[in-house]
Amino acid sequence: MEKKLKEFLKKHKACKHDGFDFAKDLTLEQFLSTCHRGDWILWLFVRMNPNSLRELTLAKGHCANTVRELMKDERNTKAVDVAIAFGEEKATREELDAAAAAVVVAAGGAYAVVAAGAASAYTVDTAYTAAVYPADYAAAAAADTAYTAAVYPADTAVAYTDTAYTAAVYTAAYAAVAAYAAAKKQNQKQTADICRKYLPLEIWDQNLI
């Protein structure tokens, strides 16, 4: 009988909700074929295949590339390109680390500290972390801006009992939030498909389960 993932997930302290509940009673094959989130697949792969840096980086690079249009600094997009090139054995580890470091410098401030810490703690995540997090923040910021712009006028409208305006603005706010949530869900599914392509079952080390 194929082993379920439950004990492995417990050992590696998987979150007790969402991902854990989804995967705990599945075999690895079942998990890979049905998982709807790329970040869950990546999380599991790095723990089962800690030495598969090129394969992991290739998958992460292609995942990051799905939000390329949100990256406003060319150092972000370069990090993604170098990550993919590294995964395809067309770039060196030194080039990968240099691209990641450039994005950390570009980000500056508090993010630089967080990214640098993440890079040192999780070596395999350097390029992906540097490239994807700014894009993720950009997406969140865009949604927050739309929501804030809609909600604050709504507060003013309430003060003036302009009910029609209030209704219209809150409808716009909810629509912006819903659109962001839908886009995020779609991206999770898209990156899951990418992971299935670049991290097929046969390259996983199932002896650790």
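The sulfur of C195 lies 3.9 Å from the closest cysteine sulfur, that of C63, which is too far for a bond. In this predicted model, a search of the whole structure accordingly returns 0 disulfides. C35 is likewise in no disulfide, and the cysteine sulfur nearest to that of C35 belongs to C195, at 8.3 Å. The burial of two of these cysteines is set out below.

| Cysteine | Relative accessible area | Class |
|---|---|---|
| C35 | 1% | buried |
| C195 | 0% | buried |

Turning to the nonpolar interior, the largest core comprises 27 residues, and those with the most contacts inside it are L5, L28, F31, I41, L44 and W204. Two or more residues of this core come from each of α1 (6–11), α2 (19–23), α3 (28–34), α4 (38–48), α5 (53–65) and α10 (163–198), with α4 giving the most, namely 7 residues. Once its neighbours within four places in sequence are set aside, L5 is in contact with A23, K24, L26, T27, L28, F31, L44 and I209. A second, separate core of 10 residues includes L53, A83, F86 and V103.

V103 also belongs to the buried residues of helix α7, which are L96, A99, A100, V103 and V104. Because these residues cover an arc of only 140° around the axis, they sit on the same side of α7, whereas the face turned away from that buried side carries the exposed residues E94 and V105. The helix itself, residues 93–107, has 15 residues and reaches 21 Å from its first C-alpha to its last, close to the 21 Å expected at 1.5 Å a residue.

Note on methods
Residues are numbered from 1 along each chain as its sequence is written. This is a predicted model: local features need pLDDT of at least 70, side-chain atom pairs count only at pLDDT 80 or more; totals for chains, interfaces and linings use all residues. Side-chain values use heavy atoms; hydrogens and water are left out. A nonpolar core is a set of buried Ala, Val, Leu, Ile, Met, Phe, Trp, Tyr and Cys residues joined through side-chain atoms within 4.5 Å. Buried means under 20% relative accessible area, exposed over 50%, partly exposed in between (1.4 Å probe, protein chains only). Helices (H or I, at least four residues) and strands (E, at least two) are DSSP runs, numbered from the N terminus. Contact means heavy atoms within 4.5 Å. The expected span of a helix is 1.5 Å times one less than its number of residues. The arc is that of the directions from the helix axis to the C-beta atoms. A disulfide is a pair of cysteine sulfur atoms within 2.5 Å.
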